Amino acid sequence: MAGPAHPAPQFTLSPDDARLMTLRAQGLVGTQGRRGGVPGMLRRIGAVQLDTISVLARSHELVAYARLGPVPRERIERAYWHPRQATTFEYWSHAACILPIEEWPYYGFRRRAFAARGMRWHQIPEQACDQVLARLRAEGPLTATQLGGAKNRGAWWDWSETKIAVEWLLDTGRVICARRTGWRRVYDLPERVLAPELLNADPSDAECVTHLAEVAARALGVVTRADLADYQRLRWGGAGQRRDGQAISADEAAAAAGLVPVEIATPPTSRPPVTGGKPWPAWADPSALSVLTGSGQESARGRPRVTLLSPFDSLIWDRKRTLRMFGFEHSLEAYVPAAKRVHGYFTMPLLARGRLAGRVDPARSGQTLVARKLSIDTASATESMARALAEAAAWVGCDNVELGQVEPARLEPRLRKALSDLT
């Protein structure tokens, strides 16, 4: 059943308004985004994506660095995975993500959907599940290796029966991962990790989806229906999102979450002109809107961060949104054959003056950060690129920046001088 039509907008936002709301919500403008350190950042943006690739650092570290500055990497790791007090857990959000521990109840709809489906990618041997649970009860938290090994002797994706079982138990909520050691998940029983009020909470599917719509809007400031769906992979009306036999629509969830209907004007140079020049219907987080309109206590002023972004940063998760809001085409080419890559293996966009203004494909060689391929969209962003490279190098313990291919080539002398002035 289709939900109600999008209600009449209460405000029309300019593209600059929408972009500023998103940058502020993501903690990339002013000092507000640094309050509360890593835990505060995680609560603001709702989820931090995990990935195995490590170039300058792993992506979850880069997300914190982009917002908080040069926080020691060990402190970031400890904040995500405290050895004694669980403050996060890992689960499927936009992808495999670190999530605030208090969000556990609101992924119940997804755990129920997995259980109803009966499997994810593999057939799950129930006996293996029982054996894993028995080991965890008897021995306490364990990694997949400690449980018996994560892989068979075949290719890297050839999971062992034990790994299949424990990941299925994680999908369905019978085990939880609240910390890692040596990049390995540590599995435990929810009743040993969660406070009773979290363990026993049981929100309905509609309540879960409404809450996650609110989280997405808070994390982005202003959202279209597509943005609401993409941020935490909500398939409206899909498995696990039923209410009394009827689908809960994006608009119903947005209304229930108290979001404000708005529209975003289309700039004359919009690429692509997907709305034919018409405004985009959207929803705004009330607190983000109050800052913009000056009706709240928080000031709208603040200097945007100058930083390099992980290609897995939540600001740029959605390629279509990134193109619409920033006029910037972003893609990850790590899994593209080297000969077909346009920008590089682990291309990191440059954020400067509230815009995405360039890209760099970094690597490390000893104590040197190597910018293997680098592009700058406007000459005025050259000094910002130099600053971002120098700060990132210092953060990861490099004392030198080496430039590879620079586009456009005419900006290379200016970039080299700017780097020299910073060292």
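Two strands count as paired if DSSP finds at least two bridges between them. Strand E3, residues 88-92, and strand E4 meet that rule with five bridges, in the antiparallel sense. The model that shows this is a predicted one.

Stay with this pair for a moment. E3 is joined to E4 by a hairpin of three residues. One bridge of the pair sets Thr88 against Pro100 in E4. E4 also has strand E2, residues 48-49, as a partner. E2 and E4 run antiparallel and share two bridges. There, Val48 stands opposite Ile98 of E4.

How many of the five residues of E4 are buried? The count is five of the five, so the strand, residues 96-100, is largely enclosed by the rest of the structure. In a regular strand, side chains alternate between the two faces of the sheet. In E4, one side carries Ala96, Ile98 and Pro100. The other side carries Cys97 and Leu99. Both faces are covered, and these residues are all buried.

Now step back to the whole protein. It has 17 helices and 16 strands. Of its 423 residues, 54% are buried. It exposes about 19100 Å², and carbon and sulfur atoms supply 51% of that area. Take the contacts between residues at least 6 apart in sequence: 64% of them join residues at least 24 apart.

Next, the interior. The largest nonpolar core has 104 residues. Those with the most contacts inside this core are Tyr80, Leu308, Leu374, Leu389, Leu403 and Leu415. Helix H11 gives the core its largest share, nine residues. Apart from this core lies another, of 24 residues. Ala18, Leu28, Val260 and Ala288 are among its members.

Leu389 shows what a place in the largest core looks like. Leaving aside neighbours within four places in sequence, Leu389 is in contact with Leu308, Leu374 and Leu403, among others. Its contacts also include Val360, Leu369, Ala371, Val401 and Leu419.

H11 spans residues 205-220 and holds His211. Is His211 buried or exposed? Its relative accessibility is 17%, so His211 counts as buried. Beyond its neighbours within four places in sequence, His211 is in contact with Glu103 and Tyr106.

Another sheet deserves a look. Four strands form an open sheet in the order E1-E10-E11-E7, with mixed pairing. Its edge strands are E1 (11-13) and E7 (222-223), and each pairs on one side only. Strand E10, residues 260-264, pairs with strand E11, residues 280-284. That pairing is antiparallel and runs over five bridges. In it, Val262 stands opposite Ala282 of E11. Helix H14, residues 286-293, lies across E1, E10 and E11. The helix runs at about 75° to E1.

Last come the charged pairs. The protein has 22 salt bridges, counting a Lys or Arg side-chain nitrogen within 4 Å of an Asp or Glu carboxyl oxygen. One of them joins Arg185 to Glu167, with the closest N and O atoms 2.8 Å apart. This pair links distant parts of the chain, 18 residues apart. Arg185 sits in strand E6 (residues 184-188), and Glu167 sits in helix H8 (residues 161-171). Both Arg185 and Glu167 are buried. The two also belong to a network of salt bridges that links Glu90, Lys163, Glu167, Arg180 and Arg185.

A second salt bridge joins Asp361 to Arg372, with the closest N and O atoms 3.3 Å apart. The partners are eleven residues apart: Asp361 in strand E14 (residues 355-365), Arg372 in strand E15 (residues 368-376). Asp361 has a relative accessibility of 5%, so it counts as buried. Arg372, at 38%, counts as partly exposed.

A third salt bridge joins Asp421 to Lys417, with the closest N and O atoms 3.0 Å apart. Both residues lie in helix H17, residues 412-422. They are four residues apart, so about one helical turn separates them. Asp421 is exposed, with a relative accessible area of 54%. Lys417 is exposed too, at 53%.

Methods
Residues are numbered from 1 along each chain as its sequence is written. This is a predicted model: local features need pLDDT of at least 70, side-chain atom pairs count only at pLDDT 80 or more; totals for chains, interfaces and linings use all residues. Side-chain values use heavy atoms; hydrogens and water are left out. Buried means under 20% relative accessible area, exposed over 50%, partly exposed in between (1.4 Å probe, protein chains only). Contact means heavy atoms within 4.5 Å. A nonpolar core is a set of buried Ala, Val, Leu, Ile, Met, Phe, Trp, Tyr and Cys residues joined through side-chain atoms within 4.5 Å. Accessible areas come from the Shrake-Rupley method with a 1.4 Å probe; for residues, only the protein chains shown count as cover. Axes are lines fitted to C-alpha atoms, for helices over the stretch in contact, and angles run from 0 to 180 degrees between N-to-C directions.
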